[in-house]
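Trainee: Could you give me a close look at one part of this model, the kind of spot you'd zoom in on? Take your time and connect it to whatever surrounds it.

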Amino acid sequence: MPDVAQHLNTDGPTRTCVGCGRRERQGLLLRLQFDGDARLQIVSRPGHGRSAYIHADATCRTRLRKSRLLAKSLRRAITEDHRQQAAVAHESYLAQLQTDPTNGHETAGA
Ligand SMILES: [Zn+2]
């Protein structure tokens with residue numbers, strides 16, 4: 001696993017990665033969700049609507065391009081734009097984790 005996984009919670013139920021299709025602990029996966037503008041984003045905590053889960057891994061991001069699990073997880077039609085949004089969000093999230101090692105820590109009670 002990449003080092004970024006260490007920043008994520010390891011507890012919780014399992015979910016299927018929409019990239020590689022393997023089951024993983026939910027806390028080790030990134031959560032993809034539509035925001036208010038119907039754009040796919042990486043979210044750190046659950047909002048409204050269904051989520052898709054993906055490893056913090058560039059290989060899984062590449063597989064997102066042809067993933068059928070993405071539409072299945074989100075229960076809606078996925079366009080090429082959505083795939084692009086998800087890939088961009090995933091890549092920038094990983095870049096952020098690498099440049100800011102404190103990112104990803106919970107700030108409970110803030
Ligand atoms: Zn994966």
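Mentor: Let's start at a loop: Arg75 sits between α2 (69-74) and α3. Helices here are DSSP runs of H or I with at least four residues, strands are E runs of at least two, and both are numbered from the N terminus. Residue numbers start from 1 along each chain as its sequence is written. Keep in mind that this is a predicted model, where local features need pLDDT of at least 70 and side-chain atom pairs count only at pLDDT 80 or more, while totals for chains, interfaces and linings use all residues.

Arg75 has a positive phi of about 55°, although it is not a glycine. It counts as exposed because just 9 other C-beta atoms lie within 10 Å; the cut-offs are 12 or fewer for exposed and 20 or more for buried, with partly exposed in between, using C-beta atoms placed from the backbone and a 10 Å radius.

Now follow the chain out of that loop into α3. To see what α3 (residues 80-99) sits on, look at the sheet first. It is open, with three strands in the order β4-β3-β5 and antiparallel pairing. β4 (40-43) and β5 (52-55) are the edge strands with a single partner strand each, so one side of each has no neighbour in the sheet. Neighbouring strands are turned by 40° against each other on average, direction ignored. α3 packs on this sheet and touches β3, β4 and β5, its direction making about 30° with that of β4. Touching means that C-beta atoms, placed from the backbone, lie within 7 Å; axes are lines fitted to C-alpha atoms, for helices over the stretch in contact, with angles from 0 to 180 degrees between N-to-C directions.

Within the sheet, β3 (residues 29-34) pairs with β5 over four antiparallel bridges, and β3 also pairs with β4 over four bridges, again antiparallel. (A pair needs at least two DSSP bridges between the strands.) Arg31 is a handy marker: its bridge partner in β5 is Tyr53, and its partner in β4 is Val43.

The β3-β4 hairpin has another positive phi for you to compare with Arg75. Five residues lie between the strands, and Ala38 there takes a positive phi near 60°. Ala38 is exposed too, because it has 10 C-beta neighbours inside 10 Å.

Back to the helices, this time from the inside. The largest nonpolar core has 21 residues, of which Val18, Leu30, Ala52, Tyr53 and Ile54 touch the most other members. β3, β5, α2 and α3 are the elements giving two or more residues to this core. Such a core is a set of buried Ala, Val, Leu, Ile, Met, Phe, Trp, Tyr and Cys residues joined through C-beta atoms within 7 Å. In soluble globular proteins, nonpolar side chains tend to be buried together. Val18 shows how it knits up: leaving out residues up to four places away in sequence, it touches Ala52, Tyr53, Ile54, Leu64, Ser67, Leu69, Leu70 and Ser73.

Zooming out, the elements run β-β-β-β-β-α-α-α from the N terminus on. Buried residues make up 27% of the 110 in the chain. Of the contacts between residues at least 6 apart in sequence, 52% join residues at least 24 apart.

Key
Two residues are in contact if their C-beta atoms, placed from the backbone, lie within 7 Å.
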